[in-house]
Amino acid sequence: AFEGKAYRGDIKAEIPVKDQSNLLLRTISIDNKEYSLFVPAEYDESTRLYPVVYSIGRFSDKQKNTIALQTNHWIEKGEIPPLMMLFLEPGVKNLDDIIIPAMENEQRARKGFRFRALLGYETGGKTALHYVINPEQFTSCLLFDADDDFESFREKFTAVGAKAMERTWFYIDTPDKGNYYAFNGKLHMLFREKNFYHEYRVSEGKGGFEWLLNGLHEAMIFTANKIHR
């Protein structure tokens, strides 16, 4: 702590006691493949359309349930607006031409890039960066301990141009003792050199799921602010 205030790494994510994960996390089929989809508790009693966070990473079923419970907790407390989260594996194919249209046509996802966000965790960061480099496809991209080939991404980003990407906000969080701190640091420096808006965090730890969960709240608020900007 510093001056009586806890560091972010000292604060553990508040997990609600009541387990509603069987109501919040459901299995859907898109193009004959199954995916886990988080929906807010109000989903079945509502006809509204929802923004979607496309979350790319290697998550166990237990970890998906934990994220679902925590996200719904924040929604019910009014800290973030109601939204959905679709869990995807690193390297997922056809996100833009099959999965997103299916979500918007069949699962009550709101249409338009403003209501789509990406989250890339560890090796899922490479997949997130692959899709986000296409301008005005996603309103934000949240990267947690992300890994990718920096030179390859730098070339793509330079070719597309910072101006073309300015409507997509980036949020980068990396652990100071993680495996991919160098890539995330270089990504931050690239965005600074290009005068490209982003937020960059270095937090204590080696990474891993508990580290991700402790930083997820701030990142979700970041995305909610962008969606409703």
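**Figure 1. Confidence along the predicted chain.** The mean pLDDT of the chain is 91, and 90% of its residues reach 70 or more. The model is predicted, not determined by experiment. Residues 1-12 form a stretch where pLDDT stays under 50. For residues 1-12 the model has 14 contacts beyond four places in sequence.

**Figure 2. Close-up of helix 3 (residues 95-106) and the elements its buried residues pack against.** The buried residues of helix 3 are Leu95, Ile99, Ile100, Ala102, Met103 and Glu104. Five strands meet these buried residues: strand 1 (25-30), strand 2 (33-38), strand 3 (52-56), strand 4 (84-88) and strand 5 (116-121). Helix 4 also packs against the buried residues of helix 3. Arg108 follows helix 3 and has a positive phi, near 65°.

**Figure 3. Close-up of Thr127 in helix 4 (residues 124-132).** The relative accessible area of Thr127 is 8%. Thr127 counts as buried because this value is under the cut-off of 20%. Leaving aside residues up to four places away in sequence, Thr127 touches Ile56, Pro90, Gly91 and Val92. Helix 4, which holds Thr127, is also one of the elements that the buried residues of helix 3 pack against.

**Figure 4. Close-up of the contact between helix 5 (residues 150-160) and helix 6 (residues 181-193).** The axes of helix 5 and helix 6 come within 10 Å and cross at roughly 20°. Angles under 35 degrees count as roughly parallel, so helix 5 and helix 6 are described as roughly parallel to each other. The crossing of helix 5 past helix 6 is right-handed. Helix 5 contributes Phe150, Phe153, Arg154 and Phe157 to the contact, and helix 6 contributes Phe183, Lys186, Leu187, Leu190 and Phe191. By type, the residues of this contact divide into seven nonpolar, no polar and two charged. The charged residues are Arg154 of helix 5 and Lys186 of helix 6.

**Figure 5. Close-up of Gly215 in helix 7 (residues 209-227).** Gly215 has a relative accessible area of 0%. This value is under 20%, so Gly215 counts as buried. Gly215 and Phe144 lie 71 residues apart in sequence. In space, the C-alpha atoms of Gly215 and Phe144 are 8.6 Å apart.

Conventions:
Residues are numbered from 1 along each chain as its sequence is written. This is a predicted model: local features need pLDDT of at least 70, side-chain atom pairs count only at pLDDT 80 or more; totals for chains, interfaces and linings use all residues. Side-chain values use heavy atoms; hydrogens and water are left out. Helices (H or I, at least four residues) and strands (E, at least two) are DSSP runs, numbered from the N terminus. Buried means under 20% relative accessible area, exposed over 50%, partly exposed in between (1.4 Å probe, protein chains only). Contact means heavy atoms within 4.5 Å. Axes are lines fitted to C-alpha atoms, for helices over the stretch in contact, and angles run from 0 to 180 degrees between N-to-C directions. Angles under 35 degrees count as roughly parallel, over 145 as roughly antiparallel, 65 to 115 as roughly perpendicular and the rest as oblique. A crossing is left-handed if the near helix is turned anticlockwise from the far one by less than a right angle, and right-handed if clockwise. pLDDT is the predictor's confidence in each residue, from 0 to 100.
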